[in-house]
Amino acid sequence: MIKTIYLLRGSKEESYVDFSKRIRSLAESKSSLDEIEQLKLVLTEKRPPAISIIPFKRDKIAAISIVGKKSNPDHKIQDVSGFIGSYQVTEALPVAYTKTWNDGQVSPGICLLTVFKKKKSIDYSTFIDRWHNGHTPLSLELHPLWNYNRNTVENYSSNTIELWDGIVEEHCKTREDLLNPFKFFGKPTRIIQNMITVYKDTKSFLDYGSIEPYLAMEYWLKS
């Protein structure tokens, strides 16, 4: 099976509610296609907190993940307003929840959706090694992650506008686990050191200025 992620952005004039309705309608219309084995939607539904230790972007974005047999699927999503790219990815789930809720229902908890590019001064193999073998285990050690969906971009469509190297969905079981710094980064005696460790590690393999973190919700439409 081949996984493709489509990224779409909302316009400045579009409200979060209107963006959510538009993208959910789009994703739901694709979930009935026979060639699609799985379809999941992660998107921003409301403005993030004004004050947060995580520097959330305030733009509207959606990631539609489709798993099927075709390497170059034509789902017409690239024709939709706000389309910025179609990415063929290799997925890894270092930690995964057990889904017990029905398709179409919002997944419990909350999601940190992040897109990023590799650090320009390192080669690709170093980027992958530091991300997969360094940063991933560090994240699992420090953060209360319920589900960690790591997507390494292998290829993208010719009409892709934004070229990202990684798309990650870090899911926490409760909103507090993500937004409370003493939950997400550890005990008061360790929080500063843990934050510095994560910062230094992230800067070692990512183009730090390119990182875009979003506060998002998740919907399985076809599991």
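Mentor: Helices here are DSSP runs of H or I with at least four residues, numbered from the N terminus. Bear in mind that this is a predicted model.

Trainee: OK, so which element gives the most to the lining of the largest pocket?

Mentor: That's H5, with four residues. H5 spans 191–203. Strand E5 (110–116), helix H2 (124–142) and strand E7 (166–172) each put in at least two as well.

Trainee: What makes a residue part of that lining?

Mentor: A lining residue has an atom within 4 Å of a pocket point. For the largest pocket, with its volume of about 620 Å³, 24 residues line it, and Pro55, Val198, Thr202, Tyr208 and Ile211 are the closest to the centre.

Trainee: How many of the lining residues are nonpolar, and how many are polar or charged?

Mentor: 18 are nonpolar, five polar and one charged. Tyr and Pro count as nonpolar, so Tyr208 and Pro55, two of the residues closest to the centre, fall in that class.

Trainee: How do you know that E2 and E3 pair?

Mentor: Pairing takes at least two bridges. E2 (residues 36–43) and E3 (residues 61–68) have seven, so they count as paired. They run antiparallel, with isoleucine 36 opposite glycine 68 in E3.

Trainee: And what makes the sheet a barrel?

Mentor: Eight strands close up in the order E1-E3-E2-E8-E5-E7-E6-E4, with antiparallel pairing. Neighbouring strands are turned by 30 degrees on average, direction ignored.

Trainee: Which strands does H2 lie across?

Mentor: E4 (83–95), E5, E6 (145–156) and E7, at about 170 degrees to E6. Helix H1 (residues 16–31) lies across E1, E2, E3 and E8, at about 175 degrees to E2.

Definitions and conventions
Residues are numbered from 1 along each chain as its sequence is written. This is a predicted model: local features need pLDDT of at least 70, side-chain atom pairs count only at pLDDT 80 or more; totals for chains, interfaces and linings use all residues. Side-chain values use heavy atoms; hydrogens and water are left out. On a 1 Å grid over the protein atoms alone, a cavity is a set of points where a 1.4 Å probe fits but cannot get out, and a pocket is an open set with protein on both sides within 12 Å along at least five of seven lines; lining residues have an atom within 4 Å of a point. Grid points are joined across faces, edges and corners, and a volume is the space filled by probe spheres set on the points. Axes are lines fitted to C-alpha atoms, for helices over the stretch in contact, and angles run from 0 to 180 degrees between N-to-C directions. Contact means heavy atoms within 4.5 Å.
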